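User: Hi! I have a model open on my screen and would like to talk through how it is put together. Could you help me read it?

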Amino acid sequence: MRIKKTVFFVAAFIACASVFAQQKITNFGVVDTERIYASFSRNSTKMKNYEKMQADVQMELDKRTEEIRSIQAKIQEAQELELKDDVKKYQNELRTKAAALKTYKDSKEKELAGLKQSLSQNDEFYKKLNATIRRIAENEGLSMIINVDKNQFVLWYSPSVDITDKVIDALSK
């Protein structure tokens, strides 16, 4: 009876092992392309142009925001002095400036996003980056690599699946 149980368990184990061996398990890896790009592309002309445009847009946003704050202060002062005509005038000016700020911000965000996408798709560095990621993933038996930069929806991952440092090392050589 004991031998039958042992044979049964061994047979069951072999059957289970066979089923698991036939199943292909998908292995994932993650990479932070933003961090990689930041490590290598600070000297590229395209990246410098993007960063300059980003800084210029921020300066303009700051300037326009300060103008709006100034108008808000004028409204408050006119209200305290009970100058109804001035309050209306400043409120109209505030609406106009706020709408212009929103329009400017929206258009520049689209423009910057387009430029950033252009950098990532057309830049020779990104072509080399993608080839390096592919090579490392294949060497490590990974079936899929997920980009975990700040715009993604990955909530958590184990550092053991992060190949970012390996990619940076490979690109540095």
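User: How are helix 2 and helix 6 oriented to each other, roughly parallel or roughly perpendicular?

Analyst: Happy to help, and please keep in mind that this is a predicted model. The axes of helix 2 and helix 6 cross at roughly 30°. An angle under 35 degrees counts as roughly parallel, so these two helices are roughly parallel to each other. Their axes come within 10 Å, and the crossing is right-handed.

User: Which residues meet there?

Analyst: Helix 2 brings Arg 35, Ile 36, Ser 39 and Phe 40. From helix 6 they meet Thr 164, Asp 165, Val 167, Ile 168, Leu 171 and Ser 172. By class, that contact has five nonpolar, three polar and two charged residues.

User: Let me zoom out. How many helices and strands does the protein chain have?

Analyst: There are six helices and two strands in the protein chain. Starting at the N terminus, the order of the elements is α-β-α-α-α-α-β-α.

User: What share of the protein chain is buried?

Analyst: Of its 173 residues, 23% are buried. On contacts, take those between residues at least 6 apart in sequence: 78% of them join residues at least 24 apart.

User: Back to the packing, then. At what angle do helix 5 and helix 6 cross?

Analyst: Helix 5, residues 124-139, crosses helix 6, residues 164-172, at roughly 120°. That makes helix 5 oblique to helix 6. The two axes come within 10 Å, and this crossing is right-handed.

User: Who makes that contact?

Analyst: On the helix 5 side you'll find Phe 125, Lys 128, Leu 129, Thr 132, Ile 133, Arg 135 and Ile 136. Helix 6 supplies Lys 166, Val 167, Ala 170 and Leu 171. Sorted by class, this contact has seven nonpolar, one polar and three charged residues.

User: And what about helix 2 against helix 5, what is the angle there?

Analyst: The axes of helix 2 and helix 5 cross at roughly 125° and come within 12 Å. Helix 2 is therefore oblique to helix 5. The handedness of this crossing is right-handed.

User: Which side chains should I click on for that pair?

Analyst: In helix 2, pick Thr 33, Ile 36, Tyr 37 and Phe 40. They meet Phe 125, Tyr 126, Leu 129 and Ile 133 in helix 5. By class, the contact has seven nonpolar, one polar and no charged residues.

User: Good, those are lit up now. How many residues are in the largest nonpolar core?

Analyst: That core has 30 residues. Those with the most contacts inside it are Ile 36, Phe 125, Leu 129, Ile 163 and Val 167. Helix 2, helix 3, helix 4, helix 5 and helix 6 each give two or more residues to the core.

User: Which helix gives the largest share?

Analyst: Helix 3 does, with nine residues. As background, nonpolar side chains tend to be buried together in soluble globular proteins.

User: I'm curious about Ile 163. What is in contact with it, leaving aside neighbours within four places in sequence?

Analyst: Ile 163 is in contact with Val 30, Val 31, Ile 133, Ile 136, Glu 140, Leu 142 and Ile 145.

User: New topic: where is Glu 82?

Analyst: Glu 82 is in the loop between helix 3 and helix 4. Its phi is near 55°, a positive value in a residue other than glycine. For context, most residues other than glycine have a negative phi.

User: Is Glu 82 buried or exposed?

Analyst: Glu 82 has a relative accessible area of 68%. Since exposed means over 50%, Glu 82 counts as exposed.

User: Last one, on helix 3 and helix 4. How far apart in space are Arg 69 and Leu 94?

Analyst: Arg 69, which is found in helix 3, is 9.0 Å from Leu 94, C-alpha to C-alpha, although they are 25 residues apart in sequence. Arg 69 counts as partly exposed at 49% relative accessibility. You could also look at Glu 109 in helix 4. Glu 109 and Val 57 are 52 residues apart in sequence and 8.9 Å apart in space, again C-alpha to C-alpha. Glu 109 is partly exposed too, with a relative accessible area of 43%.

Methods
Residues numbered from 1 in each chain as written. Predicted model: local features only at pLDDT ≥ 70, side-chain atom pairs only at ≥ 80, totals over all residues. Heavy atoms only, no water. Axes fitted to C-alpha atoms, helices over the stretch in contact; angles between N-to-C directions. Helix = DSSP H or I, 4+ residues; strand = E, 2+ residues; numbered from the N terminus. Parallel < 35°, antiparallel > 145°, perpendicular 65-115°, else oblique. Left-handed = near helix turned anticlockwise from the far one by under 90°. Contact = heavy atoms within 4.5 Å. Nonpolar A, V, L, I, M, F, W, Y, C, P; charged D, E, K, R; others polar. Core = buried A, V, L, I, M, F, W, Y, C linked by side-chain atoms within 4.5 Å. Buried < 20%, exposed > 50% of the residue type's maximum accessible area, 1.4 Å probe, protein only.
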